[in-house]
Amino acid sequence: MTQPQPHKSQHAIAPALVSAFAPGGTLRASINLGNPILANKDAATGEPVGVSIDLAREFARRLGVGVELVVFEKAAASVDAVKNEKADIGFFAIDPARSEGLLFTAPYVLIEGSYLVREPSEFTDNAQVDAKGHRISVGAGSAYDLFLTREIKHAEIVRLQGAAAALAALRSGEVEVAAGIRQLLEAEAQREPGVRVLPGRFMVIQQAMGTPASRGAEAQALLADFVEEMKASGFVADALERHRIEGAIVAPASTGAAL
């Protein structure tokens with residue numbers, strides 16, 4: 001696999017901002033392996049690889065510090081690590097439920113959230129899912145869990161520990177629908193017959209970078225500018241292609257302030 005090419009920084013970063021992001025002298029990046037569009041383990045080395053790892057390494061290079069990958073299997077744990085300052089940056093879906101204690105950039109990647117159903121199911125449309133008597137399995141604390149918690153009015157949400165458990169619940173008949181990242185659901189449908197992905201999407205997941213709120217507005221602005229440059233320069237698009245990621249697109253340039 002070819003390595004990402006560093007992009008030249010246009011401005012030197014003030015020492016105070018370097019310290020804000022890496023108070024211990026190393027940038028700790030929280031990595032969520034639960035989202036295969038952003039991070040996976042290399043089959044040969046077992047090391048984390050992916051778009052978020054490339055961005056973390058490039059941001060550390062800009063700061064002039066080393067990088068430490070703090071790896072988690074689930075989004076909620078990855079978010080908590082940054083909120084509790086056990087990591088300095090992270091890669092999360094933007095959601096109001098995660099806003100306390102975090103400062104977000106604008107998104108760098110957009111991902112579809114979709115539904116998976118069993119083959120014999122009568123479901124043909126996303127709108128049919130939210131009805132009394134229907135059960136939807138989700139990975140607890142995931143972006144789609146947070147979204148559906150607000151949006152679902154009639155169906156029951158069954159929160160399980162991770163995407164694999166949510167998919168297993170569908171196949172076993174414990175639930176009628178599983179919600180997740182479209183790419184992951186399509187891979188599950190290809191892995192073994194018996195399930196299918198409903199057409200379209202029920203949400204667009206906005207993947208952004210985040211840092212603890214304690215790092216301040218200037219740190220947030222620097223991170224936001226970094227994300228915009230990585231989108232505009234082609235770095236994010238190149239990373240998606242290099243890691244052979246389908247089901248995600250580069251987010252458009254931000255027209256407003258970071259979140």
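Three rings gather in one place in this predicted model: Phe21, Phe59 and Phe226 make up a single aromatic cluster. The wider search, run over the whole structure, turns up 6 aromatic pairs. One of them sits inside the cluster, with the ring centres of Phe21 and Phe59 5.0 Å apart and the planes at 85°, so the two rings meet edge-to-face. Phe21 belongs to helix 1 (residues 15-21) and Phe59 to helix 2 (residues 51-63), so this pair ties together parts that are 38 residues apart in sequence. Both partners are tucked away from the surface: Phe21 has a relative accessibility of 0% and counts as buried, while Phe59 is buried with a relative accessible area of 1%.

Another edge-to-face pair is made by Phe91 and Tyr108, whose ring centres are 6.3 Å apart and whose planes stand at 90°. Here, too, distant parts of the chain are linked, as Phe91 is in strand 5 (residues 89-93) and Tyr108 in the loop between strand 6 (102-104) and strand 7 (109-118), 17 residues apart. Phe91 is buried, at 4% relative accessible area, and Tyr108 counts as buried at 1%.

Charged side chains come next. The count of salt bridges comes to 18. In one of these, the side chains of Asp54 and Arg242 meet with N and O 2.6 Å apart. That bridge spans a good stretch of chain, from Asp54 in helix 2 to Arg242 in helix 8, 188 residues apart. Helix 8 covers residues 235-242, and Arg242 is found in it. The two side chains also make a polar contact, again at 2.6 Å. Are these charged partners buried or exposed? Asp54 is buried, since its relative accessible area is 6% and the cut-off for buried is under 20%. Arg242, with a relative accessible area of 14%, is buried as well.

A further salt bridge joins Glu112 and Arg182, and its closest N and O atoms are 3.8 Å apart. Glu112 lies in strand 7 and Arg182 in helix 6 (residues 182-191), so the bridge ties together parts 70 residues apart in sequence. The two ends sit in unlike surroundings: Glu112 counts as partly exposed at 27% relative accessibility, whereas Arg182 is buried at 17%.

Arg135 and Glu176 form a salt bridge too, with N and O 2.5 Å apart. Arg135 is in strand 8 (residues 135-139) and Glu176 in the loop between helix 5 (163-172) and strand 10 (177-181), which makes this another link between distant parts of the chain, 41 residues apart. Arg135 is partly exposed, with a relative accessible area of 29%, but Glu176 counts as buried at 17%. Salt bridges can also share partners, and in this way Arg28, Glu85, Asp88 and Arg215 are joined into one network.

Glu85 turns up again at helix 3 (residues 75-83). This helix is followed by Glu85, which has a positive phi, near 60°. Which residues of helix 3 are buried? They are Ala75, Ser78, Val79, Ala81 and Val82. These residues cover an arc of only 155° around the axis, which puts them on the same side of helix 3. The spacing fits a general rule: an α-helix has 3.6 residues a turn, so residues three or four places apart point the same way. The cover over the buried residues of helix 3 includes strand 1, strand 4 (66-72), strand 5, strand 6 and strand 12 (203-212).

Finally, there is a buried loop residue to look at. Ile37 is placed in the loop between strand 1 (26-32) and strand 2 (40-41), and at 1% relative accessibility it counts as buried. What does Ile37 touch, leaving aside its neighbours within four places in sequence? Its contacts are Val51, Ile111, Ile181, Gln183, Ile245, Glu246, Gly247 and Ala248. Ile37 and Val109 are 72 residues apart in sequence, yet their C-alpha atoms are 9.4 Å apart in space.

Definitions and conventions:
Residues numbered from 1 in each chain as written. Predicted model: local features only at pLDDT ≥ 70, side-chain atom pairs only at ≥ 80, totals over all residues. Heavy atoms only, no water. Helix = DSSP H or I, 4+ residues; strand = E, 2+ residues; numbered from the N terminus. Buried < 20%, exposed > 50% of the residue type's maximum accessible area, 1.4 Å probe, protein only. Polar contact = N/O pair within 3.5 Å; in protein donor to acceptor, adjacent residues only side chain to side chain. Phe/Tyr/Trp six-rings, centres within 6.5 Å; stacked < 30°, edge-to-face > 60°. Contact = heavy atoms within 4.5 Å. Salt bridge = Lys/Arg side-chain N within 4 Å of Asp/Glu carboxyl O. Arc of directions from axis to C-beta.
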